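The following paragraphs lead the reader through a protein chain, moving from individual residues to the chain as a whole. Please keep the sequence and the model in view while reading.

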Amino acid sequence: MAEHPPMFTPLIRLPNQLKDVPSGIEGVTLTDVVTPEYAKSTIPCKKFTWILDATPRIELDFGPDTKKFQFHIESSQFDLFKIDKDVSFERTATHSIFRVRKIDRNPPSRIKLLEEYTMKYWTLLRTEKCEVRFNMFQKYDFEECFIWKLTKKFSVVYFSTQHDVIFTPNQLRFLLEDITSDYLRLPEIKFTAPIKKSEKKLKPIKHETMDIYAKFLPFIYFINMECKKVKARSENVKAWDLNTFLKAWIGGKKLQNLQSFTFYYSDMVKPLAYEDVLNNIHSETGKARNFEKVPEINVSEQTKNEEVDFGREIQRSTDGIKANVFIFPTCFIFKVKRDEC
């Protein structure tokens, strides 16, 4: 009886099983081999993220069908007999994770190691987007951070609210004027000094969407910005500044990209009034349907009063585009009409 050849089962990937991280990434993590020229910028990467906190790390996203890669720099118990660093590796259903344990807990030493491994990956990758998250801001040198030497364009720049964030005026100007992003989030922050309007010429902010604590910013930033959507928070705001802002938009030469601007305030000495904010500006009373376009406001809360204020409508002089202006006890809202922006 003839013998049948042995049966081999082909490797089949299950429908929900993610592909492994490109082997080159794991290879450069484990070795000190210099990447040859032909291999540079050959691996497509959807997003390169730096996360700066107690465990500084890198995350690489290769797309929805591939595992994410993470590189962690962790501190270890001080031990004179340990080598400088030791590496551990873990593969899960969704991630490949490398952990390096350092004896030295000094942040500059750890950030230097993060830079070393960043360059290993950066050289190999063809990166579409970058993101940086500062979760423990003070521990790291902001202005001299190696990340800014690689790129100043990000999908997200994010600062956590868990720890105090302290800026000098120059650091804050660098963040606002020299870096661009699709989304900037800056929570309540502390300063060594505020930025002064009279300082060296302020450049326009170009972050597309921004959520920012604005107490120490001169309002001129909001008049000259090139953003699309902005939420700002402070203790108070002057009616004259908002009036100047609206006139700048109506003139058509500034704020051309702006779709919405919300300014929250918590400690106004005198409540804002439409007659002050809209001084020398032609406007018409808004319509009830405009509330549907203002998600920040709870309509039911407003309608508890017998008379509901539906805002005012203004129009840009250059192209006829209209916008709605709303004034409430805790916020000012400017919103370009959706069907026209």
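Ile97 has a relative accessible area of 9%, and because buried means under 20%, this residue counts as buried. The model discussed here is a predicted one. Ile97 belongs to strand 5, which covers residues 95-102. When neighbours within four places in sequence are left aside, the residues in contact with Ile97 are Gln70, His72, Ser88, Phe89 and Glu90. A further relation across the sequence links Ile97 with Glu59: these two residues are 38 residues apart along the chain, and their C-alpha atoms are separated by 9.2 Å.

One of the contacts of Ile97 is His72, and the path may be followed from there. His72 is located in strand 3, residues 68-75. Is His72 buried or exposed? Its relative accessibility is 10%, so His72 counts as buried. Beyond its neighbours within four places in sequence, His72 is in contact with Thr55, Pro56 and Arg57, and also with Ile97, Phe98, Arg99 and Val100. The side chain of His72 also makes a polar contact, at 2.9 Å, with the side chain of Gln70. Gln70 itself appears among the contacts of Ile97.

Strand 2 spans residues 57-61 and includes Asp61. At 16% relative accessibility, Asp61 counts as buried, because the limit for that class is 20%. A polar atom of the Asp61 side chain lies 2.8 Å from the backbone nitrogen of Gly63. Not counting residues up to four places away in sequence, Asp61 touches Cys45, Lys46, Lys47 and Lys68.

Two helices illustrate how burial is distributed along a helical segment. In helix 1, residues 23-30, the buried residues are Ile25, Glu26, Val28 and Thr29. Viewed down the axis of helix 1, these buried residues fall within an arc of 165 degrees, so they line one face of the helix. The exposed residues Ser23 and Leu30 are carried on the face of helix 1 that is turned away from the buried side. Helix 4, residues 169-178, is mostly covered, with eight of its ten residues buried. The buried residues of helix 4 include nonpolar ones such as Leu172, Phe174, Leu175 and Leu176, but Arg173 and Glu177 are also among them.

Lys190 lies in strand 10, which consists of residues 190-191. With a relative accessible area of 43%, Lys190 is partly exposed, because this value falls between the 20% and 50% limits. Apart from its neighbours within four places in sequence, Lys190 is in contact with Asp164, Val165, Ile166 and Phe167. Thr168 is 22 residues from Lys190 along the chain, and the C-alpha atoms of the two are separated by 8.7 Å.

Backbone geometry directs attention to two further residues. Leu255 is not a glycine, yet has a positive phi of about 60 degrees. This residue is placed in the loop between helix 6 and strand 13, the latter covering residues 260-265. Asn280 likewise has a positive phi, near 60 degrees, in a residue other than glycine. The loop that holds Asn280 runs between helix 7 (274-277) and strand 14 (284-285). How does the accessibility of these two residues stand, and which is buried or exposed? Leu255 counts as buried at 4% relative accessibility, whereas Asn280 is exposed, with a relative accessible area of 68%.

The largest pocket has a volume of about 370 Å³. It is lined by 17 residues, and the closest to its centre are Leu217, Pro218, Phe219, Lys238 and Asp241. Helix 5 (220-224) and helix 6 (239-251) each supply at least two residues of this lining. In chemical character, the lining of the largest pocket divides into ten nonpolar, three polar and four charged residues.

The chain as a whole may now be considered. It has eight helices and 17 strands. Of its 341 residues, 45% count as buried. Among contacts between residues at least 6 apart in sequence, 68% join residues at least 24 apart. The pair Ile97 and Glu59, 38 residues apart along the chain, has been described above with its C-alpha separation of 9.2 Å.

Technical notes:
Residues are numbered from 1 along each chain as its sequence is written. This is a predicted model: local features need pLDDT of at least 70, side-chain atom pairs count only at pLDDT 80 or more; totals for chains, interfaces and linings use all residues. Side-chain values use heavy atoms; hydrogens and water are left out. On a 1 Å grid over the protein atoms alone, a cavity is a set of points where a 1.4 Å probe fits but cannot get out, and a pocket is an open set with protein on both sides within 12 Å along at least five of seven lines; lining residues have an atom within 4 Å of a point. Grid points are joined across faces, edges and corners, and a volume is the space filled by probe spheres set on the points. Helices (H or I, at least four residues) and strands (E, at least two) are DSSP runs, numbered from the N terminus. Buried means under 20% relative accessible area, exposed over 50%, partly exposed in between (1.4 Å probe, protein chains only). A polar contact is a pair of N or O atoms within 3.5 Å; within protein, one must be able to donate a hydrogen and the other to accept it, and residues adjacent in sequence count only if both atoms are side-chain atoms. Contact means heavy atoms within 4.5 Å. The arc is that of the directions from the helix axis to the C-beta atoms.
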